[in-house]
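Colleague: I'm new to this, and I keep tripping over words like "pair", "pack" and "cavity". Could you take me through them on one example?

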Amino acid sequence: MKKLYLVSLGCVKNLVDSEVMIAKLSKEYELTNNLSVADLIIINTCGFINSAKEESIDTILELANLKKSDAKLVVTGCLSERYKEVLPKEIPEVDIWSGVGDFGNIDKVIQSNKSQFSPNVYLIHNEDRVITGSSYHAFIKLSEGCNQKCAFCAIPNFKGRLKSRPIEEIVDEIKRLKEKGYKDFSLASQDSSSYLRDFGIKDGLERLIDEIDKIDGISVRILYLYPATTKRLIRKIFAARNVVNYFDMPIQHITPRMLKIMRRPGSVDKLKELLNEMKKEFSFVRTSVIIGHPGETDEDFKTLKNFLAEYKFDRVNVFAYSDEEGTKAYKRKDKIKQDLIEERIKEIEKVVKKTTIESLKKYVGKEIECFLDGLTEDGLFYSVRPKIWASEVDGDILINESEIETLKTGESYKVKINELAGDELIGKIIR
């Protein structure tokens, strides 16, 4: 059987598309981690910000140089879609280019041996996937595209407007994966709060939660809420049987003038109300902020820094502003110098490091339900992830004791958190 080597860059939504491609090619190709034996190499690129674009291009050039001479190199995804007029000319080492519309028929694209850019963005429906990276957790894509008009974001330019999957499809996919042994799921899209609004339905997520709660033996978290969400949705999550109290809502900034410049909806007061609502029960709150967006003054920056210190998010992603062509921010004249952006990021990261430690401290002494991920690389500890944390991004807890002799990866255990050593929680499996 021929060998497939696949690299999926960027977000978890890209990962879902990559898993569809693996399934589409599984009759002819077997997945391998050994580049030197691969007959087909696929790179699913990210084109969101400068650092992601650089990583994608570096990966293309590196694999083109290292692959065996008769291997076919295919580049797909956001970067190739965004720069489809330029990249094929600039990187002739690539055999086939495709964009964000061809994940579902990648087998046919490869058979044609020709580059192809479909006019429509691909959205998974009932296709099979080969889940990678976990034996018990899977990401579920809610929708594709975005109706928001954030000044800094180029995604709508090449992903188009919001297209939601029907509730029945999502529930069916979760049930099918559950039959294969998957029990933990993360729902993702560009803007999950707007799910089903393209069908004129304003409470789409609430309706989906009702259906998810009818499935036994699973846990679910929702990623990438938008500040236009409602208190009613937050309360719905708190009341849900299967949806954990996990809130991932990128605020990007916190001053009225910056939210206006960034074209973010709602007032600062409403945003703070939502964030405070999220903390009314034991929960996990993650956010993202952009530092150095055009127009950001010293006062704006200080206000954001003080707010992060005061609110104490469980986790914060800190991004330097990336100047993306085709966006409103790109045209602004009041750009921030790069050295000042880097200086501000260092200040913010000090605050975030402190608040993350404070978040970890609240777990010490608690008994919480966790999934076992197996042994750490050094073999000295077991690694578990609290059910309330997201896979891959929120970290883990190290286990140095267990009252159960035979442990199984992917199983759920009650863990007593005994201490915080530096920035690592240490616990004991008790049942």
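Modeller: Sure, let's start small: in S10, Val220 is the bridge partner of Phe185. Helices and strands here are DSSP runs (H or I over at least four residues for a helix, E over at least two for a strand), numbered from the N terminus. Keep in mind that this is a predicted model, where local features need pLDDT of at least 70 and side-chain atom pairs count only at pLDDT 80 or more, while totals for chains, interfaces and linings use all residues. Residues are numbered from 1 along each chain as its sequence is written, and side-chain values use heavy atoms, leaving out hydrogens and water.

Colleague: How do you know that strand S9 and strand S10 pair?

Modeller: Two strands pair if DSSP finds at least two bridges between them. S9 (residues 184-188) and S10 (residues 219-222) have four bridges, in the parallel sense, so they meet that rule.

Colleague: What makes S6 and S13 edge strands?

Modeller: They belong to an open sheet of six strands, ordered S6-S9-S10-S11-S12-S13 with parallel pairing. S6 (137-141) and S13 (315-320) each have a single partner strand, so one side of each has no neighbour in the sheet. Neighbouring strands of this sheet are turned by 20° against each other on average, ignoring direction.

Colleague: Which strands does H8 touch when it packs on the sheet?

Modeller: H8 touches S9, S10 and S11 (243-248), and its direction makes about 170° with that of S10. Contact means heavy atoms within 4.5 Å. Angles run from 0 to 180 degrees between N-to-C directions, with axes fitted to C-alpha atoms, for helices over the stretch in contact. On that scale, about 170° for H8 and S10 means nearly opposite directions, because 180 degrees is the upper end.

Colleague: Why is the crossing of H7 and H8 called right-handed?

Modeller: A crossing is right-handed if the near helix is turned clockwise from the far one by less than a right angle, and left-handed if anticlockwise. H7 (residues 167-179) and H8 (residues 204-212) pack at about 35°, with axes 10 Å apart, and their crossing falls on the right-handed side. Ile167, Ile170, Val171 and Ile174 in H7 meet Gly204, Arg207, Leu208, Glu211 and Ile212 in H8. These divide into six nonpolar, one polar and two charged.

Colleague: What makes Gly204 polar in that contact of H7 with H8?

Modeller: Just the sorting rule: Ala, Val, Leu, Ile, Met, Phe, Trp, Tyr, Cys and Pro count as nonpolar, Asp, Glu, Lys and Arg as charged, and the others, Gly among them, as polar.

Colleague: How many cavities of 30 Å³ or more does the search find?

Modeller: One, in a search of the whole structure. On a 1 Å grid over the protein atoms alone, a 1.4 Å probe fits in a cavity but cannot get out, whereas a pocket is an open set with protein on both sides within 12 Å along at least five of seven lines; lining residues have an atom within 4 Å of a point. The largest cavity has a volume of about 60 Å³, the space filled by probe spheres set on grid points joined across faces, edges and corners. Its lining is Glu127, Asp128, Arg129, Glu173, Arg176, Leu177 and Lys180: one nonpolar, no polar and six charged residues.

Colleague: Which element gives the most to the lining of the second largest pocket?

Modeller: S6, with three residues. That pocket holds about 300 Å³ of space, and its lining has five nonpolar, nine polar and five charged residues.
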